[in-house]
Amino acid sequence: MAHAEPQQQSAAPPRHVAIIMDGNRRWARQRNMPRVEGHRRGAEAVRATVKAAGELGIEYLTLFAFSSENWNRPLQEVDDLMGLLRLYLRRELAELHGNGVRVRVIGERDGLADDIRALIQQAETTTRDNRRITLIIALNYGGQAEIASAARRLAARALAGEIKVEDIDEDAISDHLYAPDIPVPELLLRTSGEQRLSNFMLWQCAYSELVFDDVLWPDFDGRNLEKAIATFCGRERRFGGQVG
Ligand code: IPE
Ligand code: IPE
Ligand code: MG
């Protein structure tokens, strides 16, 4: 096969960046600190990243905060993570709102504690008209669970006679995901050197560019984000239709 020509055109900057924030426990272990300290510093990195994303003109930032599989961690760690989440939602809401951040949460809410569900509701309602940047937090989120939930809702609608089985196509599934109004991420970034999706946005990332950074999440900052965007801009996106 002929070698690709040097690239003529770089991709436009991404509107939507999704991040698998990974490496909190390794960060703590390297410092002989308790796991929870890694998660605490990870929450600080979230604050810095949301700010940097706004400054870089990113319109949508999705952060994978807790997966449907993370319940399998030790009870104490799950408790610590939920505690940090409560703290984040309580403490950051005013600042997020003041900075024009619209907050959305994707994932299965039923599995979350009542007070956390209430905090999410409050954050979404308070910030719903903000337009500077949309922060999508993936909580109790699994990509397969999201697709299954779309399938269930479509099946129920078909049984109720609202839609025909033939109407269930890619657009119909997209329209029944947790946040159908959010465009798909052009760039998916994972930290800590791991190179896998871990059940994150399986449907939405069909054509996303994947970028991996060795940095452990608590050390992540705006420079890492800029670097990932520069890498993205040097990529040639093809969508299966490029003329060879
Ligand atoms: C990411 O860091 C945070 C969550 C998954 C909640 P980890 O806790 O996965 O840390 P590592 O990957 O084990 O270092
Ligand atoms: C993915 O990271 C989930 C989040 C970042 C919230 P994990 O650390 O849970 O994924 P694996 O276990 O390395 O695949
Ligand atoms: Mg991990």
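**Entry 1: the largest pocket**

I looked up the largest pocket and found a volume of about 800 Å³. I note here that the model is a predicted one. Next I asked which residues lie nearest the centre of this pocket. They are Met-21, Asn-24, Phe-64, Ala-65 and Asn-70, out of 33 residues that line the pocket.

I then looked up which elements supply the lining of the largest pocket. Helix 1 (24-30), helix 2 (35-55), strand 2 (60-67), helix 3 and strand 4 (133-141) each give at least two residues to it. I sorted the lining by residue type and got 17 nonpolar, 7 polar and 9 charged residues.

**Entry 2: the cavity**

I searched the whole structure for cavities of 30 Å³ or more, and the search finds 1. The volume of the largest cavity is about 30 Å³. I listed its lining as Tyr-88, Leu-89, Glu-92, Leu-93, Leu-96, Val-103, Ala-123 and Ile-137.

Which element gives the largest share of this lining? I found that helix 3 does, with 5 residues. By type, the lining of the largest cavity has 7 nonpolar residues, no polar ones and 1 charged.

**Entry 3: the nonpolar cores**

I turned to the nonpolar cores. The largest of them has 44 residues. Inside this core, the residues with the most contacts are Ile-19, Val-50, Leu-61, Leu-63, Leu-135, Leu-139 and Leu-225. Helix 3 (residues 75-98) contributes the most to this core, namely 8 residues. I had already met helix 3 in the lining of the largest cavity.

There is also a second, separate core, with 14 residues. Ala-18, Tyr-60, Ile-136 and Ile-182 are among them.

I picked Ile-19 and looked up its contacts, leaving aside neighbours within four places in sequence. Its partners include Leu-61, Thr-62, Leu-63 and Phe-64. Thr-49, Leu-189 and Phe-200 are also in contact with Ile-19. Trp-217, Phe-220 and Leu-225 complete the list for Ile-19. Phe-64, one of these partners, is also named among the residues nearest the centre of the largest pocket.

**Entry 4: the cysteines**

How many disulfides does the structure hold? I counted 0. A disulfide is a covalent bond between the sulfur atoms of two cysteines, so I checked how far apart the sulfurs are.

Cys-205 is in no disulfide, and the nearest cysteine sulfur, in Cys-233, is 17 Å away. Why does Cys-233 not bond to Cys-205? The sulfur of Cys-233 is too far for a bond, because the closest cysteine sulfur, in Cys-205, is 17 Å from it.

I also asked whether Cys-205 is buried or exposed. Cys-205 has 10% relative accessibility and therefore counts as buried, the limit being under 20%. Cys-233 has 18% relative accessibility, so it counts as buried too.

**Entry 5: positive phi angles**

I looked for residues that have a positive phi although they are not glycine. Asn-32 is one of these, with a phi of about 55°. I located Asn-32 in the loop between helix 1 and helix 2. The relative accessible area of Asn-32 is 75%, so Asn-32 is exposed.

Phe-239 is not a glycine and has a positive phi of about 55°. Where is the place of Phe-239? I found Phe-239 in the segment after helix 7 (222-233). With 48% relative accessibility, Phe-239 counts as partly exposed, because exposed means over 50%.

Definitions and conventions:
Residues are numbered from 1 along each chain as its sequence is written. Chains are lettered from A and ligands numbered from 1 in the order in which they are written. This is a predicted model: local features need pLDDT of at least 70, side-chain atom pairs count only at pLDDT 80 or more; totals for chains, interfaces and linings use all residues. Side-chain values use heavy atoms; hydrogens and water are left out. A nonpolar core is a set of buried Ala, Val, Leu, Ile, Met, Phe, Trp, Tyr and Cys residues joined through side-chain atoms within 4.5 Å. Buried means under 20% relative accessible area, exposed over 50%, partly exposed in between (1.4 Å probe, protein chains only). Helices (H or I, at least four residues) and strands (E, at least two) are DSSP runs, numbered from the N terminus. Contact means heavy atoms within 4.5 Å. On a 1 Å grid over the protein atoms alone, a cavity is a set of points where a 1.4 Å probe fits but cannot get out, and a pocket is an open set with protein on both sides within 12 Å along at least five of seven lines; lining residues have an atom within 4 Å of a point. Grid points are joined across faces, edges and corners, and a volume is the space filled by probe spheres set on the points. Ala, Val, Leu, Ile, Met, Phe, Trp, Tyr, Cys and Pro count as nonpolar, Asp, Glu, Lys and Arg as charged, and the others, Gly among them, as polar. A disulfide is a pair of cysteine sulfur atoms within 2.5 Å.
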